[in-house]
Amino acid sequence: MKRRAFLKTLGLAGAAAATAAVPGLAAPTAANGADGKDQVLATLFDLSKCIGCGACVQACHEANAARYPEPEKPYPPMYPSRVKVEDWSDKRDVEDRLTPYNWLFIQSAAVTYQGRTLDVHMPRRCMHCQKPPCANLCPWGAAAKTENGSVRINTDICLGGAKCKTVCPWSIPQRQTGVGLYLDLLPSLAGNGVMYKCDRCYDRVRAGGVPACIEACPNEVQQIGPRDEIVKKAHELAASINGFIYGETENGGTNTIYVSPVPFELIEAASPPGPGRPTLKPVADAMSFESSLAAAVVVAPIAAVAGAVLRAGKRARDAEEKNNG
C-alpha cells in the first residue's frame, strides 16, 4: 500500500510538472556574485607540492561520513539478470580508487623524466566539467551543475541507472546498490541504487568556507578561486616549473586543474587507469558532438519533468513516513 500511494503521488506530480515551465539543462552560473558565492570557482592542484600523505582523503571521509549510503539488505533480484549488484558497503576502507564511500584518492607514480625519477602524487576526484555530460544527459535530472561550478548528484531522486558514469569521460560516479528511490518504485526493474561522487563540498563552499580536502592539506597543494584567476595561476605555475597542465581544456574545460612537473602521459603509463581509477588521456569535448547535443535537447524536458515528479514523490514518501512515525 505504501508503494501504491507513492506511485499515485508520482502520477499526480507528473501531471502538474508536465504543465510547468521546463528549466534549462543545468543551473545558470553567475559571474562574480556580490557575495562571492555565485561565481564559477575552480581548484588548482600543484603536484610538485603533494607528498601523498592522504590528509585530504581522510578529511573528505570525515566531512561526508553522514552522506555515505547505508544499504538495505538483502538486495532485491534485478531483471534482466545481467544487471549486477554493486555493493561497497563491506569495503568502505578501500582508498586506492573511487567508490561510493571514497570520493577522493591519491594516484601515485614513480616517473622518470629528463634523467630524474620523481615520485608524483595526484589527488583524483570529480573534474567538475564546465559542460558536464553527466548533468546534461541524466534522464532523471538527478545531476546538475551548480552556480559555483561544481557538479552535484541529488541522491534523493537518483535511480542509479549509471548514465552519468557512462557519459563521463573519466567514469567518475560510482554506484551503491540497496539505497535510494528505486526501492520504492520497481526495485527489480528501475535503476539499481544511487550514484555517488565528490561535489566539492558544495554546502561548505556555499557557506563561505573551502572544501575539506583543501582545509586539511598540510602543504597547500590545492587552492580554489574564480576560474579565470585559477587558469592564470596554472599557467604561471607551469611556466615557473616547466610543467604541464591538465583540466583546462579537457572535455571543453573543467573546474579541476592540475599542474605537474612531468607529462601526464608518463603518470598514466606508470599508474594505469582502471575501474575507479580515471584516465589522464586528453579528452575531447563530449558535448560538442551533434549526437550529444541532440540527445541533450531530447533529454532536457524529460529530465525536468522526471526530476519534478521524483522530487514530489520523495516529499510525499517523507511526509508519509513522518505521519506513520
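Asp-90, with a relative accessibility of 64%, counts as exposed, and this residue of the predicted model is a convenient place to start. The side chain of Asp-90 meets that of Lys-73 in a salt bridge, with 3.4 Å from N to O. Both residues lie in the loop between H2 and S2, so the pair ties together parts that are 17 residues apart in sequence. Lys-73, at 46% relative accessibility, counts as partly exposed. Lys-73 is also joined to Pro-74 by a cis peptide bond, whose omega is about 0°, and Pro-74 too lies in the loop between H2 and S2.

The pair just described leads on to the other salt bridges, of which a search of the whole structure finds 11. Side chains of opposite charge can pair when their charged atoms come close. One of these bridges joins the side chains of Arg-175 and Glu-86, at 2.6 Å from N to O. Because Arg-175 lies in strand S6 and Glu-86 in the loop between H2 and S2, this pair ties together parts that are 89 residues apart in sequence. Arg-175 is buried, with a relative accessible area of 13%, whereas Glu-86 counts as partly exposed at 23%.

A further bridge is formed by the side chains of Arg-152 and Asp-203, with 3.9 Å from N to O. Here the residues belong to strand S5 and helix H5 respectively, so that parts 51 residues apart in sequence are tied together. Arg-152 is partly exposed at 28% relative accessibility, while Asp-203 is exposed, with a relative accessible area of 52%. Both residues also belong to one network, in which salt bridges that share partners join Arg-67, Arg-152, Asp-199 and Asp-203.

From charged pairs we turn to nonpolar residues. In soluble globular proteins, nonpolar side chains tend to be buried together. The largest nonpolar core of this model has 53 residues, and those that touch the most other members are Leu-47, Val-120, Trp-170, Tyr-246, Tyr-258, Phe-264 and Ile-267. Among the elements that give two or more residues to this core are helix H2 (55-64), S3, S7 and helix H8 (264-270), but the largest share, four residues, comes from S2. Nonpolar residues are found on the surface as well, where Tyr-79, Leu-186 and Leu-189 make a patch of about 350 Å². Leu-189 sits in the loop between strand S6 (174-176) and strand S7 (194-196), and it counts as exposed at 52% relative accessibility.

The backbone also deserves a look. Gln-114, in the loop between strand S2 (105-113) and strand S3 (116-124), has a positive phi of about 55° although it is not a glycine. Gln-114 counts as exposed at 68% relative accessibility, and a polar contact of 3.4 Å joins its side chain to that of Tyr-113. Although Gln-114 and Val-262 are 148 residues apart in sequence, their C-alpha atoms are 9.1 Å apart in space. Cys-201, likewise not a glycine, has a positive phi of about 45°; this residue lies in the loop between S7 and helix H5 (202-206) and is buried, with a relative accessible area of 12%.

The cysteines complete the tour, for the structure holds zero disulfides. For Cys-50, the nearest cysteine sulfur is that of Cys-56, 6.3 Å away, whereas a disulfide requires two cysteine sulfur atoms within 2.5 Å. Cys-53 is in no disulfide either, its nearest cysteine sulfur being that of Cys-217, 6.1 Å away. Cys-50 counts as buried at 11% relative accessibility, while Cys-53, at 46%, counts as partly exposed.

Conventions:
Residues numbered from 1 in each chain as written. Predicted model: local features only at pLDDT ≥ 70, side-chain atom pairs only at ≥ 80, totals over all residues. Heavy atoms only, no water. Buried < 20%, exposed > 50% of the residue type's maximum accessible area, 1.4 Å probe, protein only. Patch = residues over 30% accessible without salt bridge, like charges linked within 9 Å, V, L, I, M, F, W, Y side chains within 5 Å. Areas by Shrake-Rupley, 256 points an atom, 1.4 Å probe, with all protein chains shown as cover. Salt bridge = Lys/Arg side-chain N within 4 Å of Asp/Glu carboxyl O. Polar contact = N/O pair within 3.5 Å; in protein donor to acceptor, adjacent residues only side chain to side chain. Core = buried A, V, L, I, M, F, W, Y, C linked by side-chain atoms within 4.5 Å.
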